[in-house]
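Work through these exercises with the model open beside you. Each task is followed by a stepwise solution.

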Amino acid sequence: MLRIRKAPMGVGAIFILLFPWVAERLPAIEHYPDLMVFAGIYCLMTIGMSLLMGYAGQISLGHAAFYGIGAYASGILTTQYNLNPWLCILIGSAAATAVAVVVGAPSLRLRGHYLAMATLAFGIIINIVFREEAEWTGGPDGMGGIPGLDIFGYSFDSIHKYYYLVWIVVAIAFFFTIRLIQSPTGRALRAIHASEAAASAMGIDISRSKIVVFAFSAILASVAGSLYAHYMNFINPSTFDTLFSIKLVIMIALGGMHTIWGAVVGSVLFAFLSFEWLHQFGEYEIVVYGLVLMMVTIYLPEGLVGLPGRIAQRVRR
Amino acid sequence: METISAASQLFQFIVTGLTVGAIYAMVAIGFNIIYNVTEIINLAQGEFVMLGGLIMVFMHVTVGLPMILAFVTAVLLVTLTGMLLDRLAIKPIRQPSVMTLIIATIAASIVIKGTAMLIWGKSPYDLPAFSGRTPIELGGVIIQPQYLWVIGFLVVVTIGLTLFFNRTILGKAMAACADNPDAARLVGINVQYMVLLSFALSAAIGAIAGMTLTPIALMDYDRGAMLAIKGFGAAILGGLGSFSGAVLGGLLIGLIESLGAGFLLSGYKDAYALIVLLLVLFLRPSGIMGNFEVTKFKRF
């Protein structure tokens, strides 16, 4: 868990680099880079959440709120105040951090079911604010006209350009997360997961470590929200509802919550499932999600990432 | 004149708040029954309420069974669903932890909700009130007869459960599992069976809540999640595991919601109770009436 092997990262990087080039030449998967933009956005969120859930053992059923805070910060500040989009991303992250610290400090003292309830309630309250403060957010109808992103006159105006932008951000987040895992804070987190009492006895500041991770995951979610807003140019509250918080948990459970790779695999798989493979089920796709999640919790508690190890074990026996 | 109407308006909000609160209290009691035996928070609890309402509508309105017969069949079918939930989604999990069990019950609730959508579609259904819809007027306050049914059922359920857990062998055996599963197993109690029973009982109470609620507020496939969240909130507010706490928490959440929606911004109706809940959690993490034993986790 502590050592992150280099080989899969290299393979992943080459895959991400070449994917649009290959997709362009195969008409059947021509639209896949568009899906991969969403996969990358989900990835940003699940990386942070896997750190929170898998490493620190703290559940969050309200992370869609931070996603929404980033998206609405970008949406409102660019359309109503004409601020620079990059500045808005920073402001959104700062706001998410502030909210995470204010909500996280008292919440993270809670454990198990109480923490689940607190984060659930927090997510719902924030979503209601998005719906009700129509003067700012456009209410349930949402808000449009959010500009795209550009840097030094270079505009990320095509799907392929945005694809690279999103995945560069994912790569940065990935490396930051690995650094965090390997830092003293990361070791503290694993100690907390194993036993809070023992960790505390060894002099680990438990609440500080938990808040750092919570805030870090909130920042990633907020950046993801901003990227979503600038890509879609339109946002509405239902994107950031409790169901989406639960979908994030599905992604992490699907991929495996004990490694960051699980978050990456789960997000990419989920994006393809929801936009491509389960699309024909229409609104009934939710039943399939439920069944998949049920199967995974029963038969694959380590998620898909744990599958190769499990097969290897079977074969050796 | 002005003050009288304001007062009667206040009482009207209190009456509706207590009625909705009684429903939340029943959902919270359902949470507590399963929690006490297994320490699982069954987030599919709201789906039992939804199923209870919709199956009753199907039996009474579509099939044409008499009210009482429809009521009984609906309770039985939902109870069966609760037992299936335990056997298909919870029991097979080999390494239970708070997190995997929360995820498992969420998965189950998604499946139940989706199946309900397949069967009944998305439109809301109405059910005739149990004893007509002629409102009773009491000093300017209008009381629907159905309100009395809701509160009556809450009273019956609470008294029934208290008697069950204190007076019957089966109830005492369940309470013993809640207290110490290992010791219960040692004296020959079949803990697995008690877990199954807790799911059955809690599903039945959820169904009752749904059937009494439907004539007041209609019922559709999508109602379960919010009811579960409010009921969970009520259980937490009263302290997880405490039945008197669940009743108090439920009524309190109903009142806050009704008064908040009536006198403040109505769009924030769902937020008021949750804000109060968050504040309570932050100031007193074990709820109003709970003890502090919230971290240990039972395994079967």
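**Exercise 1. Map the nonpolar surface patch on chain A, then find which elements build it.**

Solution. This is a predicted model.
Step 1: Collect the residues. The patch is made by A:I14, A:L17, A:L18, A:W21, A:V22, A:L26, A:Y164, A:I168, A:I172 and A:F176. Its area is about 990 Å².
Step 2: Assign elements. Two helices of chain A give two or more residues to the patch: α1 (6–25) and α7 (159–182). A:V22, for instance, lies in α1 of chain A.
Step 3: Rank them. The top contributor is α1(A), with 5 residues.

**Exercise 2. State how much area chain A and chain B bury between them, and which three residues of chain A lead.**

Solution.
Step 1: Take the area. The two chains bury about 4,000 Å² between them. Carbon and sulfur atoms carry 81% of it.
Step 2: Find the leaders. A:H113, A:Y114 and A:M117 supply 21% of the area that chain A buries against chain B. No other three residues supply more.
Step 3: Count the residues. Chain A brings 43 residues to the contact, and chain B brings 46.

**Exercise 3. Describe the side of chain A that touches chain B by polar links, elements and residue classes.**

Solution.
Step 1: Check for charge pairs. Between chain A and chain B there are 0 salt bridges.
Step 2: Check polar contacts. The count is 2 residue pairs, both at pLDDT 80 or more.
Step 3: List the elements. In chain A, α4 (85–107), α5 (112–132), α11 (242–255) and α13 (285–299) each supply at least two residues of this side. The most come from α5(A), with 14 residues.
Step 4: Sort by class. The side divides into 31 nonpolar, 7 polar and 5 charged residues.

**Exercise 4. Count the salt bridges over all chains and place the one formed by B:R185.**

Solution.
Step 1: Take the total. The structure holds 7 salt bridges over all chains.
Step 2: Identify the partner. B:R185 pairs with B:D182, and their closest N and O atoms are 3.5 Å apart. The cut-off is 4 Å, so the pair qualifies.
Step 3: Place the pair. Both residues lie in helix α7 (residues 181–186) of chain B. They are 3 residues apart, about one turn of the helix.

Definitions and conventions
Residues are numbered from 1 along each chain as its sequence is written. Chains are lettered from A and ligands numbered from 1 in the order in which they are written. This is a predicted model: local features need pLDDT of at least 70, side-chain atom pairs count only at pLDDT 80 or more; totals for chains, interfaces and linings use all residues. Side-chain values use heavy atoms; hydrogens and water are left out. Contact means heavy atoms within 4.5 Å. Buried area is the accessible area (1.4 Å probe) that two parts lose on being put together, summed over both. A salt bridge is a side-chain nitrogen of Lys or Arg within 4 Å of a carboxyl oxygen of Asp or Glu. A polar contact is a pair of N or O atoms within 3.5 Å; within protein, one must be able to donate a hydrogen and the other to accept it, and residues adjacent in sequence count only if both atoms are side-chain atoms. Helices (H or I, at least four residues) and strands (E, at least two) are DSSP runs, numbered from the N terminus. Ala, Val, Leu, Ile, Met, Phe, Trp, Tyr, Cys and Pro count as nonpolar, Asp, Glu, Lys and Arg as charged, and the others, Gly among them, as polar. Patches are made of residues with over 30% relative accessible area and no salt bridge: like charges are joined within 9 Å, nonpolar side chains (Val, Leu, Ile, Met, Phe, Trp, Tyr) within 5 Å. Accessible areas come from the Shrake-Rupley method with a 1.4 Å probe; for residues, only the protein chains shown count as cover.
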